[in-house]
Amino acid sequence: SDLLHSLPLRRSHLLTVNMASGLLLLLLPIWLTSAVTACLMPWNGNMYIFTGVDLWNWMIALSILTLFLFSFSVLVGICTGQTLLQGVVTYILLILPDALNHLLRSHYKLYLYGYSYQYSFIHSNESWSPFIRIMNPSLPYSSGELAIYGVLAILFVGMSYLLYSKRRAETTGQAIAFTYF
């Protein structure tokens, strides 16, 4: 941290380089896989069970979700100083909405007479956690959800730049970088 911050570069340049290289390393395989698959589709006849539109939708959805998860983890990483703590806090914050939803349903079972706990889990396909929702391939993302994730990703990038400009370089090794957290 001392070495990087002693270079004659602004803090915004340091963050931009790290974010650009991280996004390139994450998004390039998605785009290459889509391009190779799209190039191979005409020569393989009817061997694929998906169309070009399905491939395009997959690439856009995965790119937006990757951008969202990356920008969220960068924001959490700026607020925390330790890498291990960043990973733990990121996963906790991504799973927290779904866990609170399940907790709320279990309390409804206890305190509301006639509330069907099992029925609500069987017929509930929504997940409030983007991390858990990614692992359920039977629920495709709508364009509205992807737009919300895209806007949130842009918001998280802006907040990252703002917080990184205010973060002291000495807090790199500490668990929490800002005292109000």
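Here are some questions and answers on how the labels for this predicted model are earned.

Residues are numbered from 1 along each chain as its sequence is written, and side-chain values use heavy atoms, without hydrogens or water. Because this is a predicted model, local features need pLDDT of at least 70 and side-chain atom pairs count only at pLDDT 80 or more, while totals for chains, interfaces and linings use all residues.

Q: What makes helix H7 stand out in confidence?
A: pLDDT is the predictor's confidence in each residue, from 0 to 100. Helix H7 (residues 143-166) has the highest mean among the elements of the chain, 92, and helix H5 (residues 117-122) the lowest, 56. Helices here are DSSP runs (H or I, at least four residues), numbered from the N terminus. The chain as a whole averages 81.

Q: Why is the pair of Phe68 and Tyr149 called tilted?
A: Rings of Phe, Tyr and Trp (its six-membered ring) pair if their centres lie within 6.5 Å; planes under 30 degrees apart count as stacked, over 60 as edge-to-face and the rest as tilted. By this rule there are five aromatic pairs. The centres of Phe68 and Tyr149 are 4.9 Å apart and their planes stand at 50°, so this pair is tilted. Phe68 lies in helix H3 (residues 52-79) and Tyr149 in helix H7, so the pair ties together parts 81 residues apart in sequence.

Q: How do you know that Phe68 and Tyr149 are buried?
A: Buried means under 20% relative accessible area, exposed over 50%, partly exposed in between (1.4 Å probe, protein chains only). Phe68 has 5% and Tyr149 has 13%, so both count as buried.

Q: What makes Phe68 and Phe156 an aromatic pair, and of which kind?
A: Their centres are 5.7 Å apart with 40° between the planes, a tilted pair. Phe68, Phe72, Tyr141, Tyr149 and Phe156 form one aromatic cluster.

Q: How do you know that Arg133 and Glu145 form a salt bridge?
A: The term asks for a side-chain nitrogen of Lys or Arg within 4 Å of a carboxyl oxygen of Asp or Glu. The closest N and O atoms of Arg133 and Glu145 are 2.8 Å apart, so the pair qualifies. The structure holds one salt bridge. Arg133, at 9% relative accessibility, counts as buried, whereas Glu145, at 26%, counts as partly exposed.

Q: Why does Asp98 have no salt bridge?
A: The nearest side chain of opposite charge, Arg105, is 7.1 Å away, so Asp98 misses the cut-off for a salt bridge. Asp98 is nevertheless buried.

Terms used:
Helices (H or I, at least four residues) and strands (E, at least two) are DSSP runs, numbered from the N terminus. Lys and Arg count as positive and Asp and Glu as negative; His and the chain ends are not counted.
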